[in-house]
Structure formats: structure tokens, C-alpha cells
Amino acid sequence: MNTDRTPKRGLLSIVSGNTPQARSHAVDTLRRAAPDAVVVSVSVDNDEGGRYPFVQRVVSCDDGQLRDELCRASTGDPAVIVRQDVEAIARRTTRPHVVFALPAELDAELFLAALWQTPLGRTPTAHHYDLGPVAAGVDPDRFLSDLRCVHQAVRFYGPGARAVSVTLAEAAARQVEAATTVIVGSGREAADGTREGVRALLAHLSPSATVLSAAGAVAGEVALDALTRPDPRWVEAGPADRLDPILTPAHRRGVDLGVVSVLWRSRRPVHPERLADSLPKIMSGVLRSRGHLWVATQPGSVVSWRSAGRHLELRETGHWLQEGDTRAWRDASPQRRTLASWFWDDYYGERRNELVFTGTELDQDELRGVLDATLLDDRELSLGVEGWAGLPDPLLGDAVPDVPTDG
């Protein structure tokens with residue numbers, strides 16, 4: 001006889017999509033795998049006259065009382081509002097599979113990290129739910145054009161309901177990279193191989209994700225079963241841990257239908273002026289790139305690197321860990337501490353450059369050669385931090401981090 005009185009945790013999944021139809025298809029796939037799932041469709045509208053957005057939730061389930069309780073609109077931080085919904089569902093006698101269908105205005109990674117945080121005096125969401133797959137539905141006919149679109153802005157809401165404006169290309173890339181399961185729609189049966197090309201690109205943008213075709217998502221019993229179980233990858237790195245800017249994105253080896261990913265690493269600081277001059281060569285053929293830099297003129301700062309389409313963003317996003325800074329080491333994620341120990345140098349600490357470039361027909365040796373040429377040479381390196389401060393810095397010297405490129 002089982003004497004364990006610990007309540008069984010439910011399963012919480014996140015779904016997004018690059019079109020409403022793609023998101024609906026992803027939700028339908030999860031519901032096919034879990035017919036009794038509670039689906040909460042979230043929409044967010046900007047309130048031009050106020051501080052917080054307008055958050056609407058529509059619930060689909062067999063429990064009429066639960067639908068009446070949760071189907072409403074509120075004004076506030078989307079993560080706080082949804083956490084209240086999660087707690088309301090958990091108060092029911094059973095803890096079902098809950099699926100939150102997110103709109104394009106919510107960054108899935110930031111949203112999930114905020115949802116998983118525990119406010120003072122509240123019960124952790126992890127007490128009620130295990131984290132299941134984060135699924136992204138992708139319409140292949142739209143994805144490539146979105147990934148190249150840098151002239152249309154999307155408002156992303158992060159923690160505290162703060163909205164930031166990003167390009168449509170950046171939003172499309174982030175949506176896929178946040179996913180642990182990508183469901184590719186059927187799209188047009190075009191003879192140019194668009195769907196297969198997009199599938200190859202998706203496998204490089206999120207190499208640890210499971211990429212399913214429309215047919216496989218419906219017919220594959222193994223794939224469907226995986227959508228109804230906790231995702232073991234969350235044990236290695238929780239939602240907040242995945243946001244650490246020092247964690248280099250995973251990259252896929254090999255070439256798939258012309259798509260290739262190139263990893264570049266270096267333990268020398270970058271000369272900012274030479275990097276700026278080399279950007280047209282570096283970004284040629286690149287669809288997406290991510291990582292972090294050690295810039296000579298900013299020796300204490302981790303400089304994040306993100307590009308999507310022809311738009312590159314450089315930002316100072318934290319500081320390198322210092323020996324003896326107990327608080328910083330304690331606050332760092334386990335993955336960050338492990339990497340710092342692996343790469344630690346007695347003089348420079350954990351400082352290093354790590355970037356991953358994904359694109360078509362990239363010459364890996366040439367790209368790495370151009371990047372290597374942007375590093376400080378032996379003479380410049382010998383000047384030390386005080387000497388580096390005087391180097392010309394057209395990228396970060398005037399705190400203008402958004403850099404258009406000719407890529």
C-alpha cells in the first residue's frame with residue numbers, strides 16, 4: 001500500500017508560435033497528447049496611457065467553475081498575473097497538465113524565469129508543477145522573412161512588465177531558441193525546399209531542441225509522449241540559469257542543406273576599433289549570432305553579442321567574476337561557476353570571447369581568421385588595462401550599443 005501523502009505535482013508547459021495559426025497548431029498537438037490539459041491562452045495589449053499592460057486570459061477546459069474564475073482581464077505584470085492563475089489551478093483537487101499559450105509580446109525565456117521565481121511569502125511554482133517542454137510552433141513560410149526583418153519592431157514584456165522594443169528578426173530568433181520542442185507546420189508544398197531548409201536552420205538555432213514536422217507531431221507516438229512528461233533538461237539549468245549572458249549557446253556541428261554554425265573562442269581581449277572595421281566581413285551570410293565578448297576598453301564588463309538579420313546589438317550585461325568576490329560567486333548560476341573554474345586564468349580570471357554564428361555557406365576558417373585579427377597583438381596586450389583604456393572604441397565608447405551591419 002502506498003503511504004506517500006505528498007500531492008502529485010502537475011505539469012506546466014509553455015507554447016508560442018511565429019503566427020497565430022502556428023501557435024494554435026502547437027497547442028492542438030499538446031492537447032492531442034494530453035486531452036485533459038487545461039489550456040490558458042494569454043494576450044497582452046499595451047496600455048498607452050498607463051504603466052502596465054492589459055492581460056487577458058481565456059481558459060479551455062472541462063471545469064466550468066475554473067473557466068469562470070480565470071477567464072478575465074487584468075492590468076499588471078503578466079508573470080505575476082499568470083502566477084496567480086497557476087496557484088488558482090493548483091488549489092483544485094487535481095493538478096493537471098497546464099498549457100500557457102503565449103502571445104508574441106512575451107519573451108518566453110524571460111517570462112518563464114519570472115514565473116519560476118518565488119516572491120517573499122509565496123509558495124514556489126515548482127512546489128505545484130514540474131516544468132514540461134517549451135514548444136514553439138513555426139510556420140516555415142513566414143520564418144525566413146521574419147528572421148531577416150530588422151525594420152519592424154516588436155514590444156517584448158519582461159520582468160516587472162517592462163517593455164523593450166526589439167526587431168521582428170530578434171523576436172523570431174528568441175522564440176525558437178527558448179523552445180525545447182519546435183513543431184514545424186506544413187507550409188506550402190513548394191518545390192524550392194523551403195520547409196526542409198527552415199527545418200535545417202531551426203536545428204542549428206536550437207540544437208538541443210526536438211524538431212518535429214507537422215506529420216511527425218501528429219503521428220509520432222514517442223514524440224507525443226515526450227510532450228506529456230517533465231523535460232529532464234530543466235534539471236541541468238533552470239529557467240533563470242539559462243539567462244546568464246556568459247553561457248555560450250550550444251552549436252550544431254556539420255552542414256545541413258548549406259546551413260552551418262561556427263563557434264569562435266579566444267582568451268585575448270578584442271580591439272574595439274578593429275572589430276568595428278571588420279563587421280561587414282564578419283556578418284556576411286550570418287542569419288543569427290550570439291555570445292559574449294571581452295572588450296579591451298571594458299575590461300570589467302561582460303559584453304553580450306546578439307544579431308538577427310542585419311542588426312547587431314552589443315550590451316554590457318554584468319561583470320566578470322573576481323577572485324574573492326564571495327557574493328558574486330554565490331549569486332552566479334551553477335553552470336557559470338563551473339565554467340569559470342574550467343577557464344580560470346590566474347591573471348585574467350574567467351575573461352574570454354565566445355560567439356556562435358549561424359548562416360548559409362559560411363567559410364569557417366575565414367570567419368575565425370577575421371575574428372582572430374581583431375584581437376590585441378602581443379605589444380597591445382603588454383600595455384595592460386591602463387593602456388587599453390586609451391584605445392579608440394566606436395562600439396561602446398559612446399554607449400551606443402545597437403550596430404547596423406552590411407551583412
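This report walks through the salt bridges, enclosed spaces and a few single residues of a predicted model.

**Charged pairs**

Let's start with charge. Side chains of opposite charge can pair when their charged atoms come close. In this model the count comes to 20 salt bridges. Here are three of them:

| Pair | Closest N and O atoms |
|---|---|
| Glu170 and Arg288 | 2.8 Å |
| Glu170 and Arg306 | 3.2 Å |
| Arg265 and Glu354 | 2.7 Å |

Glu170 turns up twice, so it's worth a look. With Arg288, Glu170 forms a salt bridge whose closest N and O atoms are 2.8 Å apart. Glu170 sits in helix H7 and Arg288 in strand S13, so this pair ties together parts that are 118 residues apart in sequence. Both of these residues are buried.

Glu170 also meets Arg306 in a salt bridge, at 3.2 Å from N to O. Arg306 belongs to strand S14 (residues 301-308) and Glu170 to helix H7, so here the parts tied together are 136 residues apart in sequence. Are these two partners buried or partly exposed? Glu170 has 8% relative accessibility, so it counts as buried. Arg306 comes out at 25%, so it counts as partly exposed.

These residues also belong to a wider network of salt bridges, which links Asp107, Glu170, Arg174, Glu177, Arg288, Arg290 and Arg306.

Now for the third pair in the table: Arg265 and Glu354 have their closest N and O atoms 2.7 Å apart. Arg265 is in strand S12 (residues 259-266) and Glu354 is in strand S16, so to speak a link between distant parts of the chain, 89 residues apart. Glu354 is buried, with a relative accessible area of just 2%.

**Spaces inside**

How many cavities of 30 Å³ or more does a search of the whole structure find? It finds three. The largest cavity holds about 80 Å³ of space. Its lining includes Glu177, Arg288 and Arg290, which are also members of the salt-bridge network. Strand S13 provides the largest share of this lining, with three residues. By class, the lining has four nonpolar, three polar and three charged residues.

The second largest cavity has a volume of about 60 Å³. Helix H4 (residues 108-116) gives the largest share of its lining, four residues. Seven of the lining residues are nonpolar, none are polar and two are charged.

There is also a pocket to look at. The second largest pocket contains about 450 Å³ of space and has 28 lining residues. Gly17, Pro103, Ala104, Glu105 and Gln175 lie nearest its centre. Helix H7 gives the most to this lining, with five residues. The lining divides into 13 nonpolar, seven polar and eight charged residues.

**A helix and two residues**

Helix H8 (residues 194-205) makes a nice length check. At 1.5 Å a residue, its 12 residues should span 16 Å, and the end C-alpha atoms are indeed 16 Å apart, which agrees. Its buried residues include Val198, His204 and Leu205; His204 and Leu205 also help line the largest cavity.

Glu313 lies in strand S15 (residues 311-319) and is buried, at 17% relative accessible area. Its side chain makes a polar contact with the side chain of Arg315, at 3.3 Å.

Finally, Gly238 is in the loop between helix H11 (233-236) and strand S11 (255-256). Gly238 is buried, with a relative accessible area of 18%. Its C-alpha atom is 8.8 Å from that of Trp116, though the two residues are 122 residues apart along the chain.

Methods
Residues numbered from 1 in each chain as written. Predicted model: local features only at pLDDT ≥ 70, side-chain atom pairs only at ≥ 80, totals over all residues. Heavy atoms only, no water. 1 Å grid on protein atoms, 1.4 Å probe; cavity = no way out; pocket = protein on both sides within 12 Å on 5 of 7 lines; lining within 4 Å. Points joined across faces, edges and corners; volume = space filled by probe spheres on them. Helix = DSSP H or I, 4+ residues; strand = E, 2+ residues; numbered from the N terminus. Nonpolar A, V, L, I, M, F, W, Y, C, P; charged D, E, K, R; others polar. Expected span 1.5 Å × (residues − 1). Buried < 20%, exposed > 50% of the residue type's maximum accessible area, 1.4 Å probe, protein only. Polar contact = N/O pair within 3.5 Å; in protein donor to acceptor, adjacent residues only side chain to side chain. Salt bridge = Lys/Arg side-chain N within 4 Å of Asp/Glu carboxyl O.
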